[in-house]
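Please look through the model below and follow its fold from overall layout to single side chains.

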Amino acid sequence: HVGRLSIRIPWKKLGWDPIIIELEDVFFFAGPRDDHEWSADAVERRELAAKKAKLAAAELAKLSRRILDSIQISMRNVHVSYSEMQSHSVMLLPYFKVCSFCFVSQ
């Protein structure tokens, strides 16, 4: 869940000025995968999707290296929670919160 997403793109100076991505009130919920997600069929589909994604990323990287190198990502109020099913009831384990995080590509 993302509470707020803001993307500022400097169209007139694209490649020179940074693209700024701001995320606020982000909630990540994690847990173990179900057994059916580990079937041979599912694993093969994920592997094929990963190969396709790598090819697409390589092509995109060639076209947009300068643009991607100028991205700044700022995240505020990031919550990460892990839950696990045990005997038909959900057990929530402690979560952590990151108040502010900034990633600047150089």
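The paragraphs below go from the whole chain to its core, its surface and one aromatic pair.

This is a predicted model. The protein chain contains one helix and five strands. Along the sequence the order is β-β-α-β-β-β. Of the contacts with a separation of 6 or more, 55% join residues 24 or more positions apart. The chain has 106 residues, and 18% of them are buried. Its accessible surface is about 8600 Å². Carbon and sulfur atoms hold 60% of that area.

Next, the interior. In soluble globular proteins, nonpolar side chains tend to be buried together. Which residues make up the largest nonpolar core here? There are seven: Ile19, Ile21, Leu23, Val26, Ile71, Met75 and Val78. Two strands, E2 (19–30) and E3 (71–86), each supply at least two residues of this core. E2 gives the largest share, with four residues.

Now the surface. Val2, Leu5, Ile7, Ile9, Trp11 and Leu14 form a nonpolar patch there. Together they have about 590 Å² of accessible area. Isoleucine 7 lies in strand E1, which covers residues 2–8. Isoleucine 9 sits in the loop between E1 and E2.

Isoleucine 9 deserves a second look. Is this residue buried, exposed or in between? Its relative accessible area is 33%, so isoleucine 9 counts as partly exposed. Leaving aside residues up to four places away in sequence, isoleucine 9 touches Leu14 and Ile19. Leu14 is another member of the surface patch. Ile19, in contrast, belongs to the largest nonpolar core. Isoleucine 9 thus has contacts with a residue of each group. Isoleucine 20 can be placed from here too. Its C-alpha is 6.8 Å from that of isoleucine 9, and the two residues are 11 apart in sequence.

Last, the aromatic rings. How many aromatic pairs does a search of the whole structure find? The search finds one. The partners are phenylalanine 27 and phenylalanine 29. A pair of aromatic rings is described by the distance of the centres and the angle of the planes. For this pair the centres are 6.4 Å apart and the planes meet at 10°. Planes under 30 degrees apart count as stacked, so the two phenylalanines form a stacked pair. Their accessibility also has two values to read. Phenylalanine 27 has a relative accessible area of 30% and is partly exposed. Phenylalanine 29 reaches 66%, so this residue counts as exposed.

Technical notes: Residues numbered from 1 in each chain as written. Predicted model: local features only at pLDDT ≥ 70, side-chain atom pairs only at ≥ 80, totals over all residues. Heavy atoms only, no water. Phe/Tyr/Trp six-rings, centres within 6.5 Å; stacked < 30°, edge-to-face > 60°. Buried < 20%, exposed > 50% of the residue type's maximum accessible area, 1.4 Å probe, protein only. Core = buried A, V, L, I, M, F, W, Y, C linked by side-chain atoms within 4.5 Å. Patch = residues over 30% accessible without salt bridge, like charges linked within 9 Å, V, L, I, M, F, W, Y side chains within 5 Å. Areas by Shrake-Rupley, 256 points an atom, 1.4 Å probe, with all protein chains shown as cover. Salt bridge = Lys/Arg side-chain N within 4 Å of Asp/Glu carboxyl O. Contact = heavy atoms within 4.5 Å.
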